[in-house]
Amino acid sequence: MAEIRLDSVRHSYVERPAADSDYALRRVDLRWRDGGAYALLGPSGCGKTTLLNIVSGLIHPTEGRVAFDGVDVTDATPVARNIAQVFQFPVVYDTMTVYDNLAFPLRNRGLPPAEVDARVREIARMLELETTLGRRAAGLTADGKQKISLGRGLVRSDVNVIMFDEPLTVIDPHLKWVLRSKLKELHQRTGRTMIYVTHDQTEALTFAEEVVVMHEGQVVQTGTPVELFERPRHTFVGYFIGSPGMNLLAGELDGDHVRVAGERIAYDGRLRADARPGPGTRVEIGVRPEFVRFAAAGEGGLPVRVLRSTDAGRFRIVEVETRSASAARLRLLVPEGARIPADDARVVLEPSHTHLYIDGWLATEAGP
């Protein structure tokens, strides 16, 4: 296993990149500790797979340095880096049995037959492949083949890092949950460094101890699932994580408040000294639907009109619109059975969970 560091890594598929827009991966500085479980999360085209392939050695970065345990491996081959990688679509040998597919990486390294057998049967048990070990891989479903592919990545105990590139794309929803649970269990048992690439927030947040959120070729936040949910450092993180995502409302800065639709809204923390907005900057407040509620009689709040209500099981998702010339929409969660105003209402935003953003970036620091 290894600690992995990326220092000032950038990559472009353009021969002579000149502008930021020429880079598929902008400057990335990351440190992944030995034995951690990590996820790269973001939409298609954000640079996740490019970053993963730079770590694995399949791509040489245009700029920057990759190090394993302090040793520069930027120019090293994937074999020299001693990594295992599981790809989006199954990579199996159809003419081999399931057993031989799982044993192949171990036999290539000359392990004793008894050790090969023990490792194969352990992984087969974890992935529920025991009953198919004698069958040829060609006769299996896509689910079964991907389980073999996962097993081939997991069977070796000597790798520095195991990397998963959207490995559950072809798996049905129920089995996705089962395999995610098994991968997490395996990580807890073995303590191997694992990096998991996905566009699915549920996969990332349930698997990883720390999630790297990517957007348009750059890392916009690295943190635990709780940190990403409670204090998004970029509006994209707030929008992308959560269902429904964070509400964003345009406003104007007014001391320790922001004016939205003519009303003063308090936000968390203090405005950073280096975050004062200038001409043309975009000021927004962000608050998750969980922290918006209808105001009680005489409480004040932001005047809104109710647009629609959607049943989501134990609560309802209510969409409202501010009563102002530049009407803005926001959503709040209302417990099942609670009264929803017919039309006119006011909503209150919890100040401790209302964040101030300037040009998309969190502009406050924690404090009394």
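**Figure 1. Asp94 is partly exposed, with a relative accessible area of 34%, and pairs with Lys145 in this predicted model.** The two side chains form a salt bridge in which the closest N and O atoms are 3.5 Å apart. Asp94 belongs to the loop between strand 6 and helix 3, whereas Lys145 is part of helix 5 (residues 142-154), so the salt bridge ties together parts of the chain that lie 51 residues apart in sequence. Lys145 counts as buried because its relative accessibility is 19%, under the cut-off of 20%. Side chains of opposite charge can pair when their charged atoms come close.

**Figure 2. A nonpolar patch on the surface is formed by Leu58, Phe87 and Val91.** Together these residues have about 250 Å² of accessible area. Val91 is located in the loop between strand 6 (83-86) and helix 3 (98-108). With a relative accessibility of 41%, Val91 counts as partly exposed. The loop between strand 6 and helix 3 also holds Asp94, the partner of Lys145 in Figure 1.

**Figure 3. Arg329 and Glu319 form a salt bridge between two strands.** The closest N and O atoms of the pair are 3.5 Å apart. Arg329 lies in strand 20 (residues 329-335) and Glu319 in strand 19 (residues 315-322); the two residues are 10 apart in sequence, and the pair links distant parts of the chain. Glu319 is buried because its relative accessibility is 17%, while Arg329 is partly exposed, at 46% relative accessible area. Both residues belong to a network of salt bridges that also links Arg305, Arg308 and Glu321.

**Figure 4. Arg316 and Asp311 meet in a salt bridge through their side chains.** The N to O distance is 3.9 Å. Arg316 has a relative accessibility of 22% and therefore counts as partly exposed. Asp311 is partly exposed as well, with a relative accessible area of 47%. The structure holds 25 salt bridges, including this pair.

**Figure 5. Arg288 is buried in the loop between strand 16 and strand 17.** Strand 16 covers residues 283-287 and strand 17 covers residues 292-294. The relative accessible area of Arg288 is 3%. Leaving aside residues up to four places away in sequence, Arg288 touches Leu228, Phe229, Pro232, Val237, Gly238, Ile241, Gly242, Gly245, Met246 and Asn247. Arg288 and His355 are separated by 67 residues in sequence and by 9.5 Å in space, from C-alpha to C-alpha.

**Figure 6. The chain as a whole, for orientation, has 9 helices and 24 strands.** Its C-alpha atoms fill a box of roughly 75 × 50 × 35 Å along the principal axes. Of the 368 residues in the chain, 48% are buried. The accessible surface of the chain comes to about 17200 Å², with 49% of this area belonging to carbon and sulfur atoms. Among contacts in the chain with a separation of 6 or more, 66% are between residues 24 or more positions apart. The chain carries 46 positive and 49 negative charges, and the mean positions of the two sets are 2 Å apart.

Technical notes. Residues are numbered from 1 along each chain as its sequence is written. This is a predicted model: local features need pLDDT of at least 70, side-chain atom pairs count only at pLDDT 80 or more; totals for chains, interfaces and linings use all residues. Side-chain values use heavy atoms; hydrogens and water are left out. Patches are made of residues with over 30% relative accessible area and no salt bridge: like charges are joined within 9 Å, nonpolar side chains (Val, Leu, Ile, Met, Phe, Trp, Tyr) within 5 Å. Accessible areas come from the Shrake-Rupley method with a 1.4 Å probe; for residues, only the protein chains shown count as cover. A salt bridge is a side-chain nitrogen of Lys or Arg within 4 Å of a carboxyl oxygen of Asp or Glu. Helices (H or I, at least four residues) and strands (E, at least two) are DSSP runs, numbered from the N terminus. Buried means under 20% relative accessible area, exposed over 50%, partly exposed in between (1.4 Å probe, protein chains only). Contact means heavy atoms within 4.5 Å. Lys and Arg count as positive and Asp and Glu as negative; His and the chain ends are not counted. The place of a charge is taken as NZ of Lys, CZ of Arg, CG of Asp or CD of Glu.
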